Amino acid sequence: MKIKDTLTHNLVEFKPIHSGRINLFVCGPTVYNYIHVGNGRLFVVFDSFARFLREEGYEVFYLQNITDIDDKIFRKASEDGTSWDVVAKKFVGEFLADMKSVGVESVTFYAKATAYIEQIIEQISTLIRKGYAYETNDGVYYDVTKFKDYGKLSGQDLEMTQAGARVEVNEDKRNAADFVLWKKMKPGEPYWDSPWGKGRPGWHIEDTAISEAFFGAEYDIHGGGSDLIFPHHEAEIAQMRAISGKKHLSRYWMHVSMLIMDKEKMSKSLGNIVRLRDAVEKYGPETFRFFVLNSSFDSLLSYSDEAMKAAGETVSRIGESYRKVRSCRGSGPGSGLDFSVRREAFREKLRNGFDTHGALTEVMSTVTEINRTLDRFNSGEVKDALSYFSLVNSIMGILKENLSPSGSRLIENLLKARKEARLAGNYQFSDTIRKILEDSGVSIQDNGPETEWWYS
RNA sequence: GGAUAGGUGGCAGAGUGGUUAUGCGUGGGACUGCAGAUCCCAUCUAUUAGGGUUCGAAUCCCUACCUAUCCUCCA
């Protein structure tokens with residue numbers, strides 16, 4: 001298996017630290033509002049990735065942090081006239097609800113930052129003891145000049161970056177690039193006791209404290225949005241490697257690119273946010289997942305109503321084929337389709353840098369072949385096709401379970417009446433029944449005198 | 001200004017030296033009482049621009065222009 005690794009900018013052969021086991025850490029959300037479709041892209045990609053790794057036979061511990069202490073949460077709380085912990089608690093719940101609605105089910109454990117304050121304090125103490133960190137009037141900072149590889153992941157050269165390009169320069173810091181590990185309490189803020197007085201953790205330190213607690217100093221794969229490469233992931237690397245003295249924090253780094261909207265990035269300041277839950281409600285989780293997985297995770301992806309509708313059409317096409325296979329009797333002479341070859345082709349694309357788009361192209365080609373030859377399927381091929389769909393779905397999560405049969409007597413009787421009308425040539429009546437059924441959410445399809453139906 | 005990734009047909013989005021990507025859309029055909037679904041054929045004859053290397057470039061090199069993310073607690 002190969003991974004598109006941010007650190008080396010290459011497709012590299014993957015080797016887990018412990019044979020057969022993978023420790024995966026992905027940066028989760030800061031819970032101060034509903035997440036948008038761009039965030040949703042990240043979580044769908046890694047959900048599918050973890051499912052794939054498990055399907056490949058690895059035992060995967062997928063760990064994700066949740067930032068539940070942050071200035072953005074304070075601001076939201078003051079806007080809403082409530083307290084920070086109420087905001088955090090609410091949006092942790094909303095986040096988990098969103099994850100469930102979009103079929104994200106692979107995360108082993110969600111770790112909230114505030115539950116690991118002890119570990120955070122311990123890491124900061126170690127950094128100070130080892131000479132990497134220092135205390136000022138307002139906090140504890142990491143001295144980036146002490147860590148020679150700082151900037152290596154992002155290709156940043158500290159000499160070249162502009163200090164204070166976006167933020168005010170803090171005069172108490174030794175270097176403009178130093179980042180905060182511990183923030184001393186300001187009036188009205190929540191706090192924990194520490195060797196540096198009352199305060200709270202900086203953003204970067206929570207991830208290494210959590211990942212060390214579960215995985216130790218070094219683990220296999222670290223994921224996140226591409227906007228976190230610098231400085232967040234640089235900071236994580238600097239923290240953990242300074243503490244451990246090891247060569248890596250994570251052996252491999254995978255970054256999911258941004259979602260853009262109307263040629264512009266999705267951001268709150270532009271007001272072009274689409275909440276994940278709204279998109280999922282409008283198009284369905286299968287369509288959203290297909291939309292996301294049909295592109296390379298490391299490329300920009302354009303979100304639009306048109307693109308979502310196209311994804312929806314394709315998802316229906318795949319689902320339709322699946323539905324037909326399920327109702328296929330398999331009494332034909334055999335189509336000659338070799339599903340073991342097709343399963344392997346699908347897997348092979350994913351093994352090649354998690355090429356979900358390539359894998360879905362394989363699926364589309366298989367769907368066409370199935371549709372073309374279904375009437376010749378024998379019973380073994382029906383089973384093989386079902387297991388093919390099951391494999392695809394277990395990783396991608398793009399099949400609608402619109403199971404029908406064993407339905408209501410009412411529907412069966414309506415269909416029976418319609419069949420009689422059709423046989424009698426009374427098409428006006430049969431079309432009226434069809435209209436009633438369709439208006440009631442029942443799709444039907446005539447195959448000669450017989451009619452199939454399902455809930456649409 | 002710097003770092004990093006890119007600029008492919010109506011849309012989305014693959015393809016790292018030599019065949020049609022694929023899907024959606026559009027047009028036509030088969031099938032159907034009609035429809036839908038499905039299949040077949042076609043369409044769009046795409047590669048940001050300009051140079052260069054090569055027998056041959058979307059793919060390699062150079063220049064220009066453009067886009068996205070990031071540029072250091074706070075966005």
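How many bridges join strand β10 to strand β11? Six of them do, and the two strands run parallel. Let's take that pairing as the way into this predicted model, and then walk through the rest of chain A.

## The chain as a whole

Chain A holds 14 helices and 16 strands. Its C-alpha atoms fill a box of roughly 90 × 50 × 35 Å along the principal axes. Of the 456 residues in the chain, 50% count as buried.

If you are thinking about contact maps, here is a handy number: among contacts in chain A with a separation of 6 or more, 76% come from residues 24 or more positions apart.

## Around strand β10

Strand β10 covers residues 219–225 and is mostly covered, with seven of its seven residues buried. One partner is strand β11 (residues 250–256), where His255 stands opposite Gly224 of β10. To get from β10 to β11, the chain passes through helix α6 (residues 229–244), and this β-α-β crossover is right-handed.

The other pairing to look at is with strand β3 (residues 21–26), which runs parallel to β10 and is joined to it by three bridges. Here Phe25 stands opposite His222 in β10.

Helix α6 has a detail of its own that is worth a look. Pro231 has its place in this helix, and the peptide bond leading from Phe230 to Pro231 is cis, with omega near 0 degrees.

## The four-stranded antiparallel sheet

Elsewhere in the chain there is an open sheet of four strands in the order β6-β7-β8-β9, with antiparallel pairing. Its edge strands are β6 and β9 (199–201), each of which pairs on one side only. From one strand to the next, the twist averages 20 degrees.

Strand β6 (residues 133–135) pairs with β7 over three bridges, and the two form a hairpin with three residues between them. In that pairing, Ala133 stands opposite Tyr142 in β7. Strand β7 is joined to strand β8 (residues 179–184) by four bridges, again antiparallel. Two of the matched positions are Gly139 opposite Lys183 and Val140 opposite Trp182.

## Two covered faces and a helix across

Which residues of β7 point to each side, and are they buried or exposed? In a regular strand, side chains alternate between the two faces of the sheet. Strand β7 (residues 139–142) has Gly139 and Tyr141 on one side and Val140 and Tyr142 on the other, and all of these are buried, so both faces are covered.

Helix α4 (residues 117–129) lies across β6, β7, β8 and β9. Its direction makes an angle of about 120 degrees with β8.

## Helices α1 and α8, and Met396

Helix α1 (residues 37–55) and helix α8 (residues 285–293) have axes that come within 9 Å and cross at roughly 85 degrees. Because that angle falls between 65 and 115 degrees, α1 is roughly perpendicular to α8. On the α1 side, the residues that meet α8 include Val37, Val44, Ser48 and Arg51. Their counterparts in α8 are Phe288, Arg289, Val292 and Leu293.

Met396 lies in helix α12 (residues 379–396), and it touches residues from both of those helices, among them Ser48, Arg51, Arg289 and Leu293. Its other contacts include Phe346, Leu350, Thr356, Ala359 and Leu360. Is Met396 buried or exposed? It counts as buried because its relative accessibility is 0%, under the 20% cut-off. Met396 and Glu286 are also 110 residues apart in sequence, yet their C-alpha atoms are 8.6 Å apart in space.

## A loop residue and the cysteines

Phe354 is found in the loop between α10 (339–351) and α11 (356–373). Its phi is near 55 degrees, a positive value in a residue other than glycine. With a relative accessible area of 4%, Phe354 is buried.

How many disulfides are there? The count comes to zero, with a disulfide taken as a pair of cysteine sulfur atoms within 2.5 Å. Cys27 counts as buried because its relative accessibility is 4%. Cys328, at 18% relative accessibility, counts as buried too, since the cut-off is 20%.

Terms used:
Residues are numbered from 1 along each chain as its sequence is written. Chains are lettered from A and ligands numbered from 1 in the order in which they are written. This is a predicted model: local features need pLDDT of at least 70, side-chain atom pairs count only at pLDDT 80 or more; totals for chains, interfaces and linings use all residues. Side-chain values use heavy atoms; hydrogens and water are left out. Buried means under 20% relative accessible area, exposed over 50%, partly exposed in between (1.4 Å probe, protein chains only). Two strands pair if DSSP finds at least two bridges between them. A crossover is right-handed if, with the strands pointing away from the viewer, the path from the first strand over the helix to the second runs clockwise. Contact means heavy atoms within 4.5 Å. Axes are lines fitted to C-alpha atoms, for helices over the stretch in contact, and angles run from 0 to 180 degrees between N-to-C directions. Angles under 35 degrees count as roughly parallel, over 145 as roughly antiparallel, 65 to 115 as roughly perpendicular and the rest as oblique. Lists of a residue's contacts leave out its neighbours within four places in sequence.
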